[in-house]
Amino acid sequence: MTIKKIICLPDPRLRLVCAPVEKIDDEVRALMDDMLETMYDAPGIGLAAIQIAVPRRVVVMDVSGKDDPPAPMFFVNPEIVWSSEETNVHEEGCLSIPEYYEEVARPARVRARFLDRDGAPREIEAEGLLATCIQHEVDHLNGVLFIDHISRLKRERVLKKFAKAAAKRAEEGM
Ligand code: NI
């Protein structure tokens, strides 16, 4: 397992629509292991493959509390197949948008269909943090970021801030 570099705003790859996984083999499982290790190291509770620059529909998550034993979850080709009308507001952050947090309203409950680590089809119903996290990660697979769900004014402010920081890093030759 290897800790990979997480790509950040304004990296244009974060806007790619990722390709479905055709076959879950050892290579895909190795990718999931690297993603999990990278996510725990960050630390974060969810990571999509594109965040380590792999444009495939793979997500890892662990929404267990910090005093609970680790509970890694693996999602291949996840799809939200049902969302509640009722919404819920959660403060979200993203490892690709470091140190920025904002409240986002999303459906409170969702049903997701996906393939597990062994390629078996699964379906789960999620609420609370799990529901928020799944929606946030599935968004990543479609090139959507949580800042796309906030006001335009706030989004433009954060985009500008990260673009400016990137320009400064380029200037300094980092
Ligand atoms: Ni994210």
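The backbone oxygen of Ile147 lies 3.2 Å from a polar atom of the Arg155 side chain, a polar contact in the sense of N or O atoms within 3.5 Å, one able to donate a hydrogen and the other to accept it, with residues adjacent in sequence counted only if both atoms are side-chain atoms. The model is predicted, so local features need pLDDT of at least 70 and side-chain atom pairs count only at pLDDT 80 or more, whereas totals for chains, interfaces and linings use all residues. Residues are numbered from 1 along each chain as its sequence is written, and side-chain values use heavy atoms, without hydrogens and water.

The distances around the Arg155 side chain are as follows.

| Partner of Arg155 | Distance |
|---|---|
| Ile147, backbone oxygen | 3.2 Å |
| Ile150, backbone oxygen | 3.1 Å |
| Asp148, side chain of opposite charge | 4.5 Å |

Arg155 belongs to helix H3, residues 152–171; helices are DSSP runs (H or I) of at least four residues, numbered from the N terminus. Arg155 is buried without a salt bridge. Buried denotes under 20% relative accessible area (1.4 Å probe, protein chains only), and a salt bridge requires a side-chain nitrogen of Lys or Arg within 4 Å of a carboxyl oxygen of Asp or Glu.

The nickel ion is coordinated by Cys94 (SG), His136 (NE2) and His140 (NE2) at 2.1 to 2.3 Å; donors are N, O and S atoms within 2.8 Å of the metal (3.2 Å for Na, K and Ca), and sites may look incomplete because water is not among the atoms. The donor spacing in sequence is C-x41-H-x3-H. Both histidines, His136 and His140, lie in helix H2 (residues 128–141), four residues apart, about one turn of the helix. His136 is buried at 7% relative accessible area, and His140 is buried at 1%.

Note on methods:
Helix = DSSP H or I, 4+ residues; strand = E, 2+ residues; numbered from the N terminus. Buried < 20%, exposed > 50% of the residue type's maximum accessible area, 1.4 Å probe, protein only. Lys, Arg positive; Asp, Glu negative; His and termini not counted.
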